[in-house]
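Here's a quick briefing to read alongside the model. Keep the viewer open and click through as you go.

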Amino acid sequence: MAESNHTVRGFDADLHMLADRIAQMGGMAESMVYDAVSALVRSDESLAGDIRARDVVLDRLQREIDDKAVRIIALRQPMAQDLREVVGAMRIAADLERVGDLGKSIAKRIAVISRESQPRSFYRGLEALADLALGQLKDVLDAYATRSVERIPDMRDRDEAIDSMYTSLFRELLTYMMEDPRNISPCTHLLFCAKNIERIGDHATNVAETVYYIATGRQLEVDRPKDDDSHKVMVRE
Amino acid sequence: MRPPEDPGRALIVLALAGLASLGLALYGGGLAWTGVVLVLAVAVLQVVRIAGRGRSEARPAAALQTAGDEAVRRFADAMPDPLVVFGSSAEIIFANQPARETFGELRQGVSFRLRFRSAEMIGLLDSVIREGKPQSADYVERLPLERRFRVTASPLGGAPGTFLATFSDRTEVWRMERMRSDFIANASHELRTPLASVSGFIETLRGPARDDAKARERFLTIMQEQTGRMARLIDDLLSLSRLEMKPVLRGRKPVDLATLMERLIGSMAHLASESGVTIRSDWGEASRVVSGEEDELFQVFENLLANACKYGGGGGRIDVTASPASLDGMPAVSVSVRDYGKGIPREHLPRITERFYRVDADESRMRKGTGLGLAIVKHIVARHGGQLKIDSAPGEGSTFTVVLPSA
């Protein structure tokens with residue numbers, strides 16, 4: 001895509017168009033998650049509505065990319081790197097669409113959580129978790145843009161940091177719930193928000209693997225750390 | 001089939017096409033003519049495409065030569081702001097040194113849209129390429145550090161199909177604005193908590209506890225504490241905003257720190273004995289006189305000593321020591337307030353001078369802290385052109401060191 005020299009310039013144009021759509025999707029998905037978390041922290045319901053509207057555009061972009069990619073494969077029958085480029089674009093688009101969905105699902109909970117004003121401490125961990133996940137997503141998309149795959153294997157390890165942060169947040173929210181039963185409702189919603197953010201990290205990892213595959217034709221090893229430890233967390237009185 | 005990649009292979013295709021048409025012609029009939037026309041059309045198309053490709057390469061290549069010109073490149077690298085030259089499909093042709101430092105590797109051919117994929121940026125690139133007129137937009141790089149840029153994109157004169165984007169950093173301005181709004185939000189939040197507690201107790205006193213003399217006495221004590229806290233908070237907020245109103249310190253006078261400290265330690269005696277600490281000061285050989293504003297400096301050490309009593313009281317003693325130092329090559333005095341309390345965990349150190357930042361919110365409230373003390377200290381020290389250094393480790397106490405210019 002970036003440095004291709006196809007004799008048929010239409011093919012270059014097609015690949016450019018795919019990349020531009022991915023760029024648009026990536027930018028939107030990132031800003032949706034960022035805005036969802038800041039809307040949550042500031043109880044900004046109008047921003048929440050705006051996020052839901054953006055999800056519609058994101059879905060449309062993903063379908064466009066799918067259609068375009070299928071058409072490219074059918075008409076131009078790309079091979080090797082070109083084929084990986086096209087198939088990779090479809091996979092990245094699917095992951096980004098899911099990231100947008102997860103952002104939207106955070107936005108949907110804002111109205112319920114901010115019905116009463118919540119202490120700032122509820123959100124601190126969530127913000128830190130979101131910073132980690134968004135940082136990973138940004139680095140992965142930057143690597144896709146600049147074709148610097150050297151850093152990808154390390155990026156995938158950052159998923160571990162996100163998972164351990166999520167586990168500690170899980171524990172913290174459970175503690176708030178035990179302190180005061182009135183916290184149960186907001187903290188349960190926040191727990192789902194945290195889970196969503198943790199899954200955004202997983203999707204970023206998927207994109208990282210796809211980018212690596214596009215550039216090298218090889219798959220990263222499968223021994224990636226996949227699990228968080230929240231299923232082991234118990235809080236005793 | 002994948003299209004051929006170089007002119008040589010295109011020629012082979014041409015030759016093959018010729019052979020095929022010959023074969024078709026031999027096969028005979030109207031079919032052959034259709035075949036010949038078709039194959040020739042394909043061949044012509046290939047040639048046109050190769051020629052077209054040559055042309056399309058000529059444009060960026062010309063721009064590259066300009067940008068690649070060593071002098072121009074050095075000139076661009078010496079510019080303070082990030083600067084990116086890109087082509088008509090928003091591919092990056094050249095990025096100067098500040099751009100590479102700010103945004104990492106920006107190799108030639110990387111898609112500008114993909115690397116800076118915010119909606120505003122994509123909109124800017126689309127419209128400048130479409131309309132060919134200079135335009136601006138804001139770009140936010142949120143992680144790892146939030147940075148804001150005003151990006152201006154314009155066509156490069158003399159090189160059609162090439163554009164220039166310059167980034168001017170607006171992070172500082174934006175951070176100042178945000179600090180102000182954060183401050184108001186924080187202040188109202190901090191005042192609301194004691195206010196809610198007071199109004200809650202009033203409600204109880206008028207209702208269920210109306211005739212309970214013992215409860216009344218207890219509630220009134222708490223209410224007095226809460227109103228006291230609000231008053232302290234307002235005092236601190238006022239002194240901070242007064243400090244901000246006059247950012248430049250005027251009317252510096254020589255201030256004898258040793259006398260100031262003696263006076264201060266006398267006035268702190270009550271708090272010290274309440275916290276079970278003894279304050280020792282040792283001035284040694286250091287010069288005692290600094291240049292500054294006496295009341296403000298009094299406030300600095302008052303806050304530092306109060307903190308040491310409140311949060312480092314467990315160690316039983318506080319040491320105030322002075323030593324000669326230098327600030328930017330000028331003689332200065334360094335004063336340390338050392339406590340032997342429980343210390344501050346490492347992760348909090350970078351943040352404890354922030355307004356309303358508290359290591360332990362409950363303890364701070366219990367000790368009548370407003371969350372503004374260190375913010376005030378930092379502000380005053382900065383106004384004096386001095387330095388505030390904080391060393392601490394859990395279990396080993398904390399040392400707050402203020403370095404001030406000598407008179």
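What follows is a short tour of the two chains, a helix pair, a single helix and a few residues. Bear in mind that this is a predicted model. Chain A has 6 helices and 0 strands, whereas chain B has 13 helices and 12 strands.

**The two chains**

- Reading chain A from the N terminus, you go through α-α-α-α-α-α.
- Chain A has 237 residues, and 44% of them count as buried.
- Take the contacts in chain A between residues at least 6 apart in sequence: 83% of those join residues at least 24 apart.
- Chain B runs to 407 residues, with 27% counted as buried.
- In chain B, residues 24 or more positions apart make up 57% of the contacts with a separation of 6 or more.

**A helix pair in chain A**

- Helix α4(A), residues 121–146, packs on helix α5(A), residues 152–179, at an angle of about 165°, and the two axes are 9 Å apart.
- An angle over 145 degrees counts as roughly antiparallel, and that is how α4(A) sits relative to α5(A).
- The α4(A) side of the contact includes Phe122(A), Leu126(A), Leu129(A), Leu132(A), Gln136(A) and Val140(A).
- From α5(A), the contributors include Ile152(A), Met155(A), Arg158(A), Ile162(A), Met165(A), Tyr166(A) and Tyr176(A).
- As for handedness, α4(A) and α5(A) make a left-handed crossing.

**Helix α6 of chain B**

- Does the length add up? α6(B) covers residues 119–131, and at 1.5 Å a residue its 13 residues should span 18 Å; the C-alpha atoms at its ends are 18 Å apart, so the two agree.
- Its buried residues are Met121(B), Ile122(B), Leu124(B), Leu125(B) and Val128(B).
- Look down the axis of α6(B) and those buried residues fall within an arc of 160°, so they line one face of the helix.
- Arg130(B) and Glu131(B) are on the other side of α6(B), and they are exposed.
- What do the buried residues of α6(B) pack against? Their partners are α1 (9–42) of chain A, plus α5 (112–115), β3 (135–141), β4 (147–155) and β5 (162–169) of chain B.
- Just past the end of α6(B) comes Gly132(B), with a positive phi of about 65°.

**Positive phi outside glycine**

- Most residues other than glycine have a negative phi, which is a good reason to click on the next two.
- Ser43(A) has a positive phi near 50° and lies in the loop between α1 and α2 (45–76) of chain A.
- Ser43(A) counts as partly exposed because it has 17 C-beta neighbours inside 10 Å.
- Ala90(B) has a positive phi too, near 60°, and belongs to the loop between β1 (83–87) and β2 (92–95) of chain B.
- Ala90(B) is buried, since 26 other C-beta atoms lie within 10 Å.

**One more stop: Gln224(B)**

- You'll find Gln224(B) in helix α8 (residues 213–245) of chain B.
- Buried or exposed, with 11 other C-beta atoms within 10 Å? Gln224(B) is exposed, because 12 or fewer such neighbours is the cut-off.
- Val198(B) is 26 residues away from Gln224(B) along the chain, and their C-alpha atoms are separated by 8.6 Å.

Notes. Residues are numbered from 1 along each chain as its sequence is written. Chains are lettered from A and ligands numbered from 1 in the order in which they are written. This is a predicted model: local features need pLDDT of at least 70, side-chain atom pairs count only at pLDDT 80 or more; totals for chains, interfaces and linings use all residues. Helices (H or I, at least four residues) and strands (E, at least two) are DSSP runs, numbered from the N terminus. The expected span of a helix is 1.5 Å times one less than its number of residues. A residue is buried if 20 or more other C-beta atoms lie within 10 Å of its own, exposed if 12 or fewer, and partly exposed in between; C-beta atoms are placed from the backbone. The arc is that of the directions from the helix axis to the C-beta atoms. Two residues are in contact if their C-beta atoms, placed from the backbone, lie within 7 Å. Axes are lines fitted to C-alpha atoms, for helices over the stretch in contact, and angles run from 0 to 180 degrees between N-to-C directions. Angles under 35 degrees count as roughly parallel, over 145 as roughly antiparallel, 65 to 115 as roughly perpendicular and the rest as oblique. A crossing is left-handed if the near helix is turned anticlockwise from the far one by less than a right angle, and right-handed if clockwise.
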